[in-house]
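Here is a quick tour for anyone who wants to get their bearings before setting up a calculation. Have the viewer open and follow along.

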Amino acid sequence: MTRLHGRVALVTGAGGGIGRAIAERFAGEGAHVCVTDVDGSTAESVAEGILGTDGAASWAKVDVTAAEDVASVLSQLSSTHGRLDILVNNAGLNVRADFRHLTDEQWETIRGTNLDGVVRLSRDAFDLLKVSGNAAIVNLSSIMASRSTRQLAGYCTTKGAISALSRSLAVEYAPFGIRVNFLCPGFIETALTARALRNPMIAEALINQTPLRRFGTPDDVARAALFLASDDAAFITGEGIAIDGGMGANL
Ligand SMILES: NC(=O)c1ccc[n+]([C@@H]2O[C@H](COP(=O)([O-])OP(=O)(O)OC[C@H]3O[C@@H](n4cnc5c(N)ncnc54)[C@H](O)[C@@H]3O)[C@@H](O)[C@H]2O)c1
């Protein structure tokens, strides 16, 4: 369990769901994980849990839409470690709305967190990632980057942009020893999907579309994040991995 031994990782939106599973798995593999979330109390509790199992962690309240929060946590990492080896842009949310009724405020909320947050972190952490010489960015895109269903146009647009941004940054950052990849989860059981998956009709339809016939767990995604962040993926950049039980391959 030392695939990330001595590495310094920052995970956004790590107070719950997929981000929490990634933070815990990375710490279990020997990384120092800076656990961040817009909800500072959940970030603190995840970090405390890691410390309680002899892992290495710190925490910070970071709203990825707030430039000052991002600047503050990067400055904290700079003083403590002098570098960043792994950045996981996981924070994300969804606001369902028919596109013709999508308000400017709703669009700003979706875009601000899902896309602008990834842009800000990936840009502003560059100097610290460059110091690493062997760094990895893992971005949370979605199966919805290349598919859709009703009322998800805003969300799908941001996820498509994250996949495109990841490929562009892979090219631009490669000379600095920074790999950039992305994950495309299908339906994972978290707070984000709880409402839909609690509806028996929706749940049954989704399971029927999934060849592996179950929903994903946050740790299914964390295992793929670990692969992309580790040296096992040393020659992989600009690539996306679907973690969807085969849903994307199914007609
Ligand atoms: N659950 C799924 O089925 C699924 C599928 C595909 C992609 N994803 C993506 O995975 C990521 C994690 O999703 P999840 O299912 O764990 O969701 P979740 O709602 O369980 O957790 C999201 C976390 O992000 C935090 N967050 C929200 N806004 C934030 C902000 N502005 N700044 C910092 N943190 C913020 C929340 O407090 C929460 O802890 C998201 O980017 C999501 O789009 C999830």
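What follows goes from the overall shape to the strands, then to one residue and the ligand shell.

## The big picture

First things first: this is a predicted model. The protein chain carries nine helices and seven strands. Its C-alpha atoms fill a box of roughly 50 × 40 × 35 Å along the principal axes. How does the radius of gyration of the protein chain sit with that of a compact globule? With 251 residues, such a globule would come out near 18 Å, and the chain has 17 Å, so the two agree.

As for the inside, 45% of the 251 residues count as buried. The contacts reach a long way along the sequence, too: of those between residues at least 6 apart, 73% join residues at least 24 apart.

## Strand β1 and its two partners

Let's start with β1, residues 8–11. Are its faces covered or open? Both are covered, with Val8 and Leu10 buried on one side and Ala9 and Val11 buried on the other.

β1 pairs with β2 in the parallel sense, over four bridges. Within that pairing, Val8 stands opposite His32, and Leu10 has Cys34 as its bridge partner. β1 also pairs with β4 (residues 86–89), again in the parallel sense, this time over three bridges. Leu10 turns up here as well, with Leu87 as its bridge partner in β4. So if you click on Leu10, look for Cys34 in β2 and Leu87 in β4.

## Strand β2 and the crossovers

Now for β2, residues 32–37. Six of its six residues are buried, so the strand is largely enclosed by the rest of the structure. His32, Cys34 and Thr36 point one way, while Val33, Val35 and Asp37 point the other. Getting from β1 to β2, the chain passes through α1, and that β-α-β crossover is right-handed.

On to β3 (residues 56–61), which pairs with β2 in the parallel sense over six bridges. Here Asp37 has Lys61 in β3 as its bridge partner. The link from β2 to β3 runs through helix α2 (residues 40–52), in another β-α-β crossover that is right-handed.

## Strand β6 and its neighbours

Further along the chain you'll find β6, residues 178–185, which is mostly covered, with eight of its eight residues buried. Which residues point which way from β6? Ile178, Val180, Phe182 and Cys184 go one way, and Arg179, Asn181, Leu183 and Pro185 go the other. Notice that Arg179 is among the buried residues here.

β6 pairs with β5 (residues 135–140) in the parallel sense over six bridges, and Leu140 has Leu183 as its bridge partner. Together with helix α6 (residues 153–173), β5 and β6 make a right-handed β-α-β unit. β6 also pairs with β7 (residues 240–243), in the parallel sense and over four bridges. In that pairing, Cys184 stands opposite Ala242.

## A closer look at Ile178

Ile178 lies in β6. Why does Ile178 count as buried? The cut-off is 20 or more other C-beta atoms within 10 Å, and Ile178 has 25, so it qualifies as buried.

What does Ile178 touch, apart from its neighbours within four places in sequence? Its contacts are Leu129, Lys130, Ala135, Ile137 and Tyr173. For a pair further apart in the chain, try Asp85: the two residues are 93 apart along the chain, and their C-alpha atoms are separated by 8.7 Å.

## Around the ligand

Last stop, the ligand. How many residues are around the ligand, and which come nearest? There are 29 of them, with Gly13, Gly17, Gly92, Thr190 and Leu192 coming nearest. If you're picking residues to display, those five names are a handy place to begin.

Which helix gives the most to the shell? That would be α1 (residues 17–28), with three residues. This is the helix the chain passes through on its way from β1 to β2. By class, the shell has 12 nonpolar, 14 polar and three charged residues.

How values were computed:
Residues numbered from 1 in each chain as written. Predicted model: local features only at pLDDT ≥ 70, side-chain atom pairs only at ≥ 80, totals over all residues. Helix = DSSP H or I, 4+ residues; strand = E, 2+ residues; numbered from the N terminus. Rg over C-alpha atoms; globule rule 2.2 N^0.38 Å. Buried ≥ 20, exposed ≤ 12 C-beta atoms within 10 Å, placed from the backbone. Contact = placed C-beta atoms within 7 Å. Near = placed C-beta within 6 Å. Nonpolar A, V, L, I, M, F, W, Y, C, P; charged D, E, K, R; others polar. Pairing = 2+ DSSP bridges. Right-handed = clockwise from strand over helix to strand, strands pointing away.
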